[in-house]
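Here's a set of exercises to work through with the coordinates open in your viewer. Try each task before you read its solution.

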Amino acid sequence: MYTCLKGCASTETDYCSVCGMKMTPALPPPKAPPVAAAPAAELCPDCGASRVEQAKFCELCRFNFVTRESSSPSISGLLGKSASGPATATVTAIWEAEVRHETPDAPSSVSTTFPLDLADLLIGRRSDTRDIHPEIPIEGDAAVSHRHAKLLRQADGGFMVMDLGSSNGTKQNETELKAGVRSPLKHGDELRVGRHTVIKIVVRT
């Protein structure tokens, strides 16, 4: 049904079917104002993440969009940024210690693997009476001290080894370590403790 200027309900669109008055054509509905395209999100120059709602700092690397300063001079290196594009996430390395017993007469290929997933890990023989429970326990080698050595995680995710003044010392790749001095570790390094215990450092990426 249509309504003419007099208010009649007409079934026709040219002339009112009730009073005969010419119908006024209905005005087209107003056009909606054009919607402006949303501006492209600003990208962080350090890590490539999108800036969220004009935030002052990047949510990923804390780059300051106002002062254009990085949160750290080495942030690009930490995030693996390349010269040809945005940063990519650094692959986290998995560190492990493989413990085996080795003697000239009976070299062993059997090893026990311990994940290096703590900030520091004690190497030594367990003692319940002295409440010593090493994260890397050495069994079957009485020449290993209860508190023999420690593996210490560094800020970059790597590890160092430090002899704790053990009775029989610690060797890293056949080099005797000084007690209390930290020595950096890398994939493939071997630590010799006690009489016949070898600890091989394995780094998986």
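What follows is a short run of tasks, each with a step-by-step solution.

Ground rules first: this is a predicted model, where local features need pLDDT of at least 70, side-chain atom pairs count only at pLDDT 80 or more, and totals for chains, interfaces and linings use all residues. Residues are numbered from 1 along each chain as its sequence is written, and side-chain values use heavy atoms, with hydrogens and water left out.

**Exercise 1. Take stock of the fold: how many helices and strands does the protein have?**

Step 1. Count the elements, where helices (H or I, at least four residues) and strands (E, at least two) are DSSP runs numbered from the N terminus. You get 1 helix and 13 strands.

Step 2. Walk along the chain from the N terminus: the order is β-β-α-β-β-β-β-β-β-β-β-β-β-β.

Step 3. Check burial (buried is under 20% relative accessible area, exposed over 50%, partly exposed in between, with a 1.4 Å probe and protein chains only). Of the 205 residues, 31% count as buried.

Step 4. Look at contacts, meaning heavy atoms within 4.5 Å. Among contacts with a separation of 6 or more, 33% join residues 24 or more positions apart.

**Exercise 2. Work out the mixed sheet: in what order do its 5 strands run?**

Step 1. Recall that strands of a sheet pair through backbone hydrogen bonds, either parallel or antiparallel. Here two strands pair if DSSP finds at least two bridges between them.

Step 2. Lay out the strands: this open sheet reads β6-β5-β7-β8-β11. Its edges are β6 and β11 (182–184), each pairing on one side only.

Step 3. Zoom in on β5 (residues 120–124), which has 4 of its 5 residues buried. On one side, β5 pairs with β7 (residues 149–153) in the antiparallel sense over 4 bridges, and Leu122 has Lys150 as its bridge partner in β7.

Step 4. Now take the β6 side (residues 136–137): the pairing with β5 is parallel, over 2 bridges. Ile123 stands opposite Ile136 there.

**Exercise 3. Do the same for the antiparallel sheet: which strands are its edges?**

Step 1. The 6 strands of this open sheet come in the order β4-β3-β13-β12-β9-β10, with antiparallel pairing. That puts β4 (112–115) and β10 (175–176) at the edges, each pairing on one side only.

Step 2. Follow β13 to β3: they pair over 8 bridges in the antiparallel sense, with Arg100 opposite Val198 in β13.

Step 3. Follow β13 (residues 197–204) to β12 (residues 190–193): that antiparallel pairing has 4 bridges, and Val193 is matched with Thr197.

Step 4. Inspect the turn of this hairpin. There are 3 residues between the two strands, and Gly194 takes a positive phi near 65°.

**Exercise 4. Find the aromatic pair: why does it count as tilted?**

Step 1. Set the criterion: rings of Phe, Tyr and Trp (its six-membered ring) pair if their centres lie within 6.5 Å, and planes under 30 degrees apart count as stacked, over 60 as edge-to-face and the rest as tilted. Searching the whole structure gives 1 pair.

Step 2. The ring centres of Trp95 and Phe159 are 5.4 Å apart and the planes sit at 50°, so the pair is tilted.

Step 3. Place the partners: Trp95 is in β3 (residues 94–101) and Phe159 in β8 (residues 159–163), 64 residues apart. Both Trp95 and Phe159 are buried.

**Exercise 5. Place His187: which residues does it touch?**

Step 1. Locate it: His187 is in the loop between β11 and β12.

Step 2. Leave out residues up to four places away in sequence, and His187 touches Ile201, Val202 and Val203.

Step 3. Try a C-alpha distance too: His187 and Lys200, 13 residues apart along the chain, are separated by 8.4 Å.
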